[in-house]
Amino acid sequence: MKKTPIQTTNEGEADTANYAPGKMPKRKNTVVAAVLASLLESRAMTGMESVFKQSTTRLGAVIHYLENKYDWQIPRRDIATGTSDGRVANVSAYWLPQATIAQAFDAGARNWIESVKAARTERRKQSEKCKADAAQRNARKHFKSNDPRQDDLWGEQ
């Protein structure tokens, strides 16, 4: 399938835009599937929202993966946002056009979205065990030992 250029605005001529939906990921308990499900539910998403809603700091990589592996055309736009430390920062917002969403729903997206939500809910039940496993891994000896040639970098002599 030939890739069309990424649409960078939510305005465009209806006769030239490609609104064909891409493929749905087979694995449903992944961040990739959760992001796509959110976009299919008409939610625009920024990187910060993905941290809290999908537990990932790599939304740009997920979008890239959806575009290149699953053939989704995901528009984006940089938006300005005020920060708590007094700056204005630009962030990327991603969304799916309503025409793409409608075609995806005609092809059965609602059932797929519900199965993604169920799979993600099931996976979240493992979060406490995973946090404990991560803490145990981080406490292992090999994380504490340093290369002897770097003693002065770590404050040891």
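Exposed means over 50% relative accessible area, and buried means under 20%. These terms run through the exercises below. The model is predicted.

**Exercise 1. Lay out the fold.**
Task: State how many helices and strands the protein chain has, and in what pattern they follow.

Solution.
- Step 1. Count the elements: there are seven helices and three strands.
- Step 2. Read along the sequence: the pattern is α-β-α-α-β-β-α-α-α-α.
- Step 3. Check burial. The protein chain has 157 residues, and 28% of them count as buried.
- Step 4. Check the surface. About 10900 Å² is exposed, with 51% of it supplied by carbon and sulfur atoms.
- Step 5. Check contact range. Take contacts between residues at least 6 apart in sequence: 65% of these join residues at least 24 apart.

**Exercise 2. Assign the faces of H4.**
Task: Decide which residues of helix H4 are buried and which exposed residues sit on the face turned away from them.

Solution.
- Step 1. H4 covers residues 98-106, and its buried residues are Thr100, Ile101 and Ala104.
- Step 2. Look down the axis of H4. The buried residues fall within an arc of 100 degrees, so they line one face of the helix.
- Step 3. Turn to the face away from that buried side. It carries the exposed residues Gln98 and Asp106.
- Step 4. Find the packing partners. The buried residues of H4 pack against helix H1 (31-40) and helix H5 (109-124).
- Step 5. Follow the chain out of the helix. Just after H4, Gly108 has a positive phi of about 100 degrees.

**Exercise 3. Place Phe105.**
Task: Find where Phe105 lies and which residues it is in contact with, leaving aside neighbours within four places in sequence.

Solution.
- Step 1. Phe105 belongs to helix H4.
- Step 2. Its relative accessible area is 28%, so Phe105 is partly exposed.
- Step 3. Beyond its neighbours within four places in sequence, Phe105 is in contact with Leu40, Arg110 and Ile113.
- Step 4. Compare chain separation with distance in space. Pro21 is 84 residues away along the chain, yet the C-alpha atoms of Phe105 and Pro21 are 9.5 Å apart.

**Exercise 4. Build the sheet.**
Task: Work out the strand order of the sheet and which strands stand at the edges.

Solution.
- Step 1. The sheet is open, has three strands in the order E1-E3-E2, and pairs antiparallel.
- Step 2. E1 and E2 each have a single partner strand, so they stand at the edges with one side lacking a neighbour in the sheet.
- Step 3. Count bridges. Seven join E2 to E3 (residues 88-94). Two join E1 to E3.
- Step 4. Fix the register. Asp78 has Ser92 in E3 as its bridge partner. Met45 stands opposite Tyr94 in E3.
- Step 5. Trace the turn. E2 and E3 form a hairpin with five residues between them, and Gly86 in that turn has a positive phi of about 90 degrees.

**Exercise 5. Explain the loop residues.**
Task: For Ser42 and Asp71, give phi, then classify each as buried, partly exposed or exposed.

Solution.
- Step 1. Ser42 sits in the loop between H1 and strand E1 (45-46). Its phi is near 65 degrees, a positive value in a residue other than glycine.
- Step 2. Ser42 has a relative accessible area of 44%, so it is partly exposed.
- Step 3. Asp71 sits in the loop between helix H3 (59-69) and strand E2 (76-82). Its phi is also near 65 degrees, again positive in a residue other than glycine.
- Step 4. Asp71 counts as buried because its relative accessibility is 16%.

**Exercise 6. Trace Glu41.**
Task: Find which side chain makes a polar contact with the side chain of Glu41.

Solution.
- Step 1. Locate the residue: Glu41 is in the loop between H1 and E1.
- Step 2. At 19% relative accessible area, Glu41 is buried.
- Step 3. Leaving aside neighbours within four places in sequence, the contacts of Glu41 are Arg110, Ile113 and Lys117.
- Step 4. The polar contact is with the side chain of Lys117, at 2.9 Å.

**Exercise 7. Classify the aromatic pair.**
Task: The structure holds one aromatic pair. Determine the geometry of the rings of Tyr65 and Tyr70.

Solution.
- Step 1. The ring centres of Tyr65 and Tyr70 are 5.7 Å apart, and the planes are at 75 degrees.
- Step 2. Planes over 60 degrees apart count as edge-to-face, so the pair of Tyr65 and Tyr70 is edge-to-face.
- Step 3. Add burial. Tyr65 is partly exposed at 37% relative accessible area, whereas Tyr70 is buried at 13%.

How values were computed: Residues numbered from 1 in each chain as written. Predicted model: local features only at pLDDT ≥ 70, side-chain atom pairs only at ≥ 80, totals over all residues. Heavy atoms only, no water. Buried < 20%, exposed > 50% of the residue type's maximum accessible area, 1.4 Å probe, protein only. Arc of directions from axis to C-beta. Contact = heavy atoms within 4.5 Å. Areas by Shrake-Rupley, 256 points an atom, 1.4 Å probe, with all protein chains shown as cover. Pairing = 2+ DSSP bridges. Polar contact = N/O pair within 3.5 Å; in protein donor to acceptor, adjacent residues only side chain to side chain. Phe/Tyr/Trp six-rings, centres within 6.5 Å; stacked < 30°, edge-to-face > 60°.
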